[in-house]
Amino acid sequence: MKMRTEYTCPLELVHDMIKGKWKPIILWRLRLGATSLAKLERDIDGITQKMLLEQLKELMDYGFVEKRSYEGYPLHVDIP
């Protein structure tokens, strides 16, 4: 999650935020709407839970996605 301090174009900033193998795939899947973490992991072939959590954390830090938690049992979390 290393970011440069200077950019010549806004597109460079966006590229730095979503670069990598998994972030574009995650964002493409989330265009369909909110989903659970488990469903997201099942929908993306080849991604591990650890990698998915790392990539989602970075996307949340940049403000691309948010996490919604619901009270009650069983625990339920959506990624809108």
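This is a short tour of one protein chain, with a suggestion at each stop for what to select in your viewer. Keep in mind that you are looking at a predicted model.

**Stop 1: the whole chain**

Show the entire chain as a cartoon and count along with me: there are four helices and three strands. Follow the sequence from start to end, and the elements come in the order α-α-β-α-α-β-β. Now turn the model around. Along its principal axes, the C-alpha trace spans about 50 × 25 × 20 Å.

Switch to a surface view next. The chain exposes about 5,900 Å², and carbon and sulfur atoms supply 58% of that area. How much of the chain is buried? Of the 80 residues, 24% are buried. If you display contacts between residues at least 6 apart in sequence, 39% of them join residues at least 24 apart.

**Stop 2: the start of the chain and helix H1**

Select arginine 4, which sits in the segment before H1. Arginine 4 is partly exposed, with a relative accessible area of 41%. Which residues does arginine 4 contact, leaving aside neighbours within four places in sequence? They are Glu12 and Asp16. Add aspartate 16 to your selection: this residue is twelve places along the chain from arginine 4, and their C-alpha atoms are separated by 8.2 Å.

Now click on glutamate 12, which belongs to helix H1, residues 10-18. Glutamate 12 is partly exposed too, as its relative accessible area of 24% tells you. Not counting residues up to four places away in sequence, glutamate 12 touches Arg4 and Tyr7. For a long view, draw a distance from glutamate 12 to glycine 33: the two are 21 residues apart in sequence and 27 Å apart in space, C-alpha to C-alpha.

**Stop 3: helix H2**

Select residues 23-30, which form helix H2, and find lysine 23 there. Is lysine 23 buried or exposed? Its relative accessible area is 5%, and buried means under 20%, so lysine 23 counts as buried. To see what surrounds lysine 23, leave aside its neighbours within four places in sequence; its contacts are then Met17, Ile18, Gln55, Glu58 and Leu59.

Colour the buried residues of H2, namely Lys23, Ile26, Arg29 and Leu30. Then look down the axis of H2: these buried residues fall within an arc of 130°, so they line one face of the helix.

While you are here, show the side chains of tryptophan 28 and arginine 31. Arginine 31 lies over the face of tryptophan 28, at 3.8 Å from the ring centre. You might also search for pairs of aromatic rings, but the count of aromatic pairs comes to zero.

**Stop 4: helix H4**

Move on to helix H4, residues 49-62. Here is a small check to try: at 1.5 Å a residue, the 14 residues of H4 should span 20 Å, and the end C-alpha atoms are 20 Å apart, which agrees.

Which residues of H4 are buried? Select Leu52, Gln55, Leu56, Glu58 and Leu59. Seen down the axis of H4, the buried residues fall within an arc of 160°, so they line one face of the helix. Some of these names may ring a bell: Gln55, Glu58 and Leu59 are among the contacts of lysine 23.

Finish just after H4 by selecting glycine 63, which takes a positive phi of about 85°.

Conventions:
Residues are numbered from 1 along each chain as its sequence is written. This is a predicted model: local features need pLDDT of at least 70, side-chain atom pairs count only at pLDDT 80 or more; totals for chains, interfaces and linings use all residues. Side-chain values use heavy atoms; hydrogens and water are left out. Helices (H or I, at least four residues) and strands (E, at least two) are DSSP runs, numbered from the N terminus. The expected span of a helix is 1.5 Å times one less than its number of residues. Buried means under 20% relative accessible area, exposed over 50%, partly exposed in between (1.4 Å probe, protein chains only). The arc is that of the directions from the helix axis to the C-beta atoms. Rings of Phe, Tyr and Trp (its six-membered ring) pair if their centres lie within 6.5 Å; planes under 30 degrees apart count as stacked, over 60 as edge-to-face and the rest as tilted. A charge sits over a ring if NZ of Lys or CZ of Arg is within 6 Å of the ring centre and within 35 degrees of the ring normal. Contact means heavy atoms within 4.5 Å. Accessible areas come from the Shrake-Rupley method with a 1.4 Å probe; for residues, only the protein chains shown count as cover.
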